[in-house]
Amino acid sequence: MSEKEGPQVEIYTDGACKGNPGVGGWGALLISGAHRKELCGAEPMTTNNRMELMAVIVALQSLKQPSRVEVHADSQYVVKGMTEWLSGWKRRGWRTSDGSPVKNVDLWQQLDTAASGHRIGWNWVRGHAGHPGNERADALANEGIVALTGKREGR
């Protein structure tokens with residue numbers, strides 16, 4: 001893909017949940033050249049997997065033009081969902097291989113739509129292993145929770 005086909009964007013995402021289900025937050029760090037954008041948010045009653053998905057959805061939706069994207073997530077649920085499971089789910093009418101409904105189908109459909117305009121590489125990174133982008137995304141997810149609850153960890 002050439003430069004005229006869109007900018008190169010690195011996206012680091014993470015979700016966090018205090019209880020599962022419980023209050024949850026998501027965070028995303030986007031880097032393109034010298035530009036950085038940080039996003040975060042939270043929901044009062046959710047799951048960790050939903051927050052992992054929301055982080056990627058909002059990050060991709062924030063892009064203003066088709067882009068060459070590398071998504072870095074510590075969620076194998078997100079990475080495998082997009083690289084291994086999605087095409088089968090869609091082919092089977094959003095059913096798993098055993099015929100049961102796909103969990104979080106609303107968010108998977110949003111993510112599928114958000115991803116459709118971009119050329120995306122999906123990369124799994126080990127969480128809490130000192131990777132700067134992942135650590136920042138984790139901090140942003142927790143900032144989302146603090147903004148919603150007013151409570152910091154351990155308080």
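Here are three short exercises, with worked solutions, on a predicted model.

**Exercise 1: the strands around strand 1**

Work out which strands pair with strand 1, and in which sense each of them runs.

*Solution.*
- Step 1. Start with strand 2, residues 22-32: its pairing with strand 1 is antiparallel and takes in 10 bridges.
- Step 2. Look for a contact that shows this pairing. E10 sits opposite I31 of strand 2.
- Step 3. Check the connection. Two residues lie between strand 1 and strand 2, and the two strands make a hairpin.
- Step 4. Now turn to strand 4, residues 68-73. Strand 1, residues 8-19, runs parallel to strand 4, and six bridges hold the pairing.
- Step 5. Pick out one of the partners here: Y12 is bridged to H72 in strand 4.

So strand 1 has an antiparallel partner in strand 2 and a parallel one in strand 4, by the rule that a pairing needs at least two bridges.

**Exercise 2: C17 and C40**

Decide how many disulfides the structure has, and explain why C17 is not in one.

*Solution.*
- Step 1. Recall what to look for: a disulfide is a covalent bond joining the sulfur atoms of two cysteines.
- Step 2. Set the cut-off: the two sulfurs have to be within 2.5 Å.
- Step 3. Take C17. The closest cysteine sulfur belongs to C40 and is 15 Å away, which is too far for a bond.
- Step 4. Go at it from the other end. C40 is in no disulfide either, with the sulfur of C17 as its nearest cysteine sulfur at 15 Å.
- Step 5. Give the count: zero disulfides.
- Step 6. Add the surroundings. C17 is buried at 18% relative accessible area, while C40 is partly exposed at 36%.

**Exercise 3: the rings around W108**

Find which rings pair with W108 in edge-to-face fashion, and say which helices the pairs link.

*Solution.*
- Step 1. Note the total: three aromatic pairs in the structure.
- Step 2. Try Y77. Its ring and that of W108 are 5.2 Å apart centre to centre, with 70° between the planes, and the pair is edge-to-face.
- Step 3. Place the two residues. Y77 belongs to helix 2 (residues 76-91) and W108 to helix 3 (residues 105-115), so this pair ties together parts 31 residues apart in sequence.
- Step 4. Try W89. Its ring centre is 5.0 Å from that of W108 and the planes meet at 65°, so this pair is edge-to-face too.
- Step 5. Place this pair as well: W89 is in helix 2 and W108 in helix 3, 19 residues apart.
- Step 6. Check exposure. Y77 and W108 are both buried, and W89 is buried as well.
- Step 7. Zoom out: ring pairs join Y77, W85, W89 and W108 into a cluster.

Notes
Residues are numbered from 1 along each chain as its sequence is written. This is a predicted model: local features need pLDDT of at least 70, side-chain atom pairs count only at pLDDT 80 or more; totals for chains, interfaces and linings use all residues. Side-chain values use heavy atoms; hydrogens and water are left out. Helices (H or I, at least four residues) and strands (E, at least two) are DSSP runs, numbered from the N terminus. Buried means under 20% relative accessible area, exposed over 50%, partly exposed in between (1.4 Å probe, protein chains only). Rings of Phe, Tyr and Trp (its six-membered ring) pair if their centres lie within 6.5 Å; planes under 30 degrees apart count as stacked, over 60 as edge-to-face and the rest as tilted.
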